[in-house]
Amino acid sequence: MFIVMRRKTAGMVFAGIFFFGISLGLYNFALHPNMYNWEKQGILIREVKTDQKVIALTFDDGPDPVNTRALLQVLEKHEAQATFFVLGKLAEKYPDLVKEMTEAGHEIGNHSYSHADFNGKSDDFIRKEIKKTSAIIKDITGQNPKFFRPPGGYLSHAMVDLTKEEDLTIGYWTWEQDSKDWRNGTSGEQIAKHILNHLQSGQIVVLHDGASNGMQTVKAMDILIPQLKKSGYKCVSLSRLLELENHE
Ligand SMILES: [Zn+2]
């Protein structure tokens, strides 16, 4: 009886590990099987190895006239630098907000023009989405963006080639630092807690000032940044994070 139970238990444990492995494998596979190669080649970044206590906060899908304005104030209050992955169509609509970001020392990244699902779209469509947005950013800030974050994290060989043509690095994010802050009902406290619980130097944190839950993201930053400072962490732009990478 004892042996039977143990065997059963062991079987359950193995089944658990097996299914956990499958779900992890599928999760990564769904993103793109070549992602790790692109990362090795420096075409895509998800985190950096650094001895310094630094992280990059990144905000997607804006600018938003309410959330982004409030966020800029919170970042200023706590003297934190961030990277904004803006949508071309919204940057076009709210150029003053993009200008404010640049003047405050934040970095602007390209997050496509319309946030369309790139899956099944032609190269021409994707190229236009990327090019148009870079041109809008250049027009407002005087500088070409260095990073592109594909909408929904979509990756394909063709899209990666297009970003290379445009001299853009794919600014992905660290898995552990996706708090799903955009989900309605997620509180600022929960978002801040998620980030603090998974904190490691060199991470890229994905957040959304452009989502309808954006004010909770703002609230989260007001909680998080002072805590980070207390632990000796500094919030830097994506470009700065790359500069602080260890080079052995
Ligand atoms: Zn997005």
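**Entry 1: Aspartate 60 and its strand**

I began with aspartate 60, which has its place in strand S2, and I note at the outset that the model I am reading is a predicted one. With a relative accessible area of 3%, aspartate 60 is buried, because anything under 20% counts as such. I then listed what aspartate 60 touches once neighbours within four places in sequence are set aside, and found Phe85, His111, Arg149, Val206, Leu207, His208, Asp209 and Gly210.

Val206, Leu207 and His208 in that list led me to strand S7, which spans 204–208. S2 and S7 run parallel and are joined by five bridges, and in this pairing phenylalanine 59 stands opposite leucine 207. I asked myself how many of the residues of S7 are buried. Five of the five are, so the strand is largely enclosed by the rest of the structure. Ile204, Val206 and His208 point one way from S7, while Val205 and Leu207 point the other way. I recalled that side chains in a regular strand alternate between the two faces of the sheet.

**Entry 2: The zinc ion**

Next I looked up which protein atoms act as donors to the zinc ion. They are OD of Asp61, NE2 of His111 and NE2 of His115, lying 2.1 Å from the ion. Along the sequence these donor residues follow the spacing D-x49-H-x3-H. Distant parts of the chain are linked in this way, since aspartate 61 sits in the loop between strand S2 (54–60) and helix H3 (67–77), whereas histidine 115, 54 residues apart from it, sits in the loop between strand S4 (107–110) and helix H6 (123–141).

I compared the exposure of these two donors. Aspartate 61 has 16% relative accessibility and therefore counts as buried, while histidine 115, at 30%, counts as partly exposed.

**Entry 3: Backbone geometry to record**

I checked the backbone for unusual values, bearing in mind that most residues other than glycine have a negative phi and that most peptide bonds are trans. Glycine 62 and proline 63 are joined by a cis peptide bond, with omega at about 0°, and proline 63 belongs to the loop between S2 and H3. The zinc donor aspartate 61 is in the loop between these two elements as well.

Histidine 115, another donor, has a positive phi, near 60°, in a residue other than glycine. Aspartate 167 also has a positive phi, of about 60°, although it is not a glycine. Aspartate 167 lies in the loop between helix H7 (157–165) and strand S6 (169–171), and its relative accessibility of 68% is why I enter it as exposed.

**Entry 4: Strand S4 and its partner**

I turned to S4, the strand before the loop that holds histidine 115. Both of its faces are covered, with Glu107 and Gly109 buried on one side and Ile108 and Asn110 buried on the other. Strand S3, residues 82–86, runs parallel to S4 and is joined to it by four bridges, and valine 86 of this pair of strands stands opposite asparagine 110.

**Entry 5: Helix H8**

In helix H8, residues 188–197, I found Gly188, Ile191, Ala192 and Ile195 buried. They cover an arc of only 95° around the axis, which means that they lie on the same side of H8. An α-helix has 3.6 residues a turn, so residues three or four places apart point the same way. On the face turned away from the buried side I noted the exposed residues Lys193 and Asn197. The cover over the buried residues of H8 includes strand S7 and helix H9 (214–230).

**Entry 6: Whole protein and confidence**

For the overall picture, I counted 10 helices and eight strands in a protein of 248 residues, of which 48% count as buried. Among contacts with a separation of 6 or more, 77% come from residues 24 or more positions apart. The exposed area is about 12900 Å², and carbon and sulfur atoms supply 54% of it.

The average pLDDT is 91, and 88% of the residues score at least 70. I marked two stretches to treat with care: residues 1–5, where pLDDT stays under 50 and the model has zero contacts beyond four places in sequence, and residues 17–29, where pLDDT also stays under 50 and the model has three such contacts. Where pLDDT is low, the predicted coordinates should not be read in detail.

Terms used
Residues are numbered from 1 along each chain as its sequence is written. This is a predicted model: local features need pLDDT of at least 70, side-chain atom pairs count only at pLDDT 80 or more; totals for chains, interfaces and linings use all residues. Side-chain values use heavy atoms; hydrogens and water are left out. Donors are N, O and S atoms within 2.8 Å of the metal (3.2 Å for Na, K and Ca); water is not among the atoms, so sites may look incomplete. Buried means under 20% relative accessible area, exposed over 50%, partly exposed in between (1.4 Å probe, protein chains only). pLDDT is the predictor's confidence in each residue, from 0 to 100. Contact means heavy atoms within 4.5 Å. Accessible areas come from the Shrake-Rupley method with a 1.4 Å probe; for residues, only the protein chains shown count as cover. Two strands pair if DSSP finds at least two bridges between them. The arc is that of the directions from the helix axis to the C-beta atoms.
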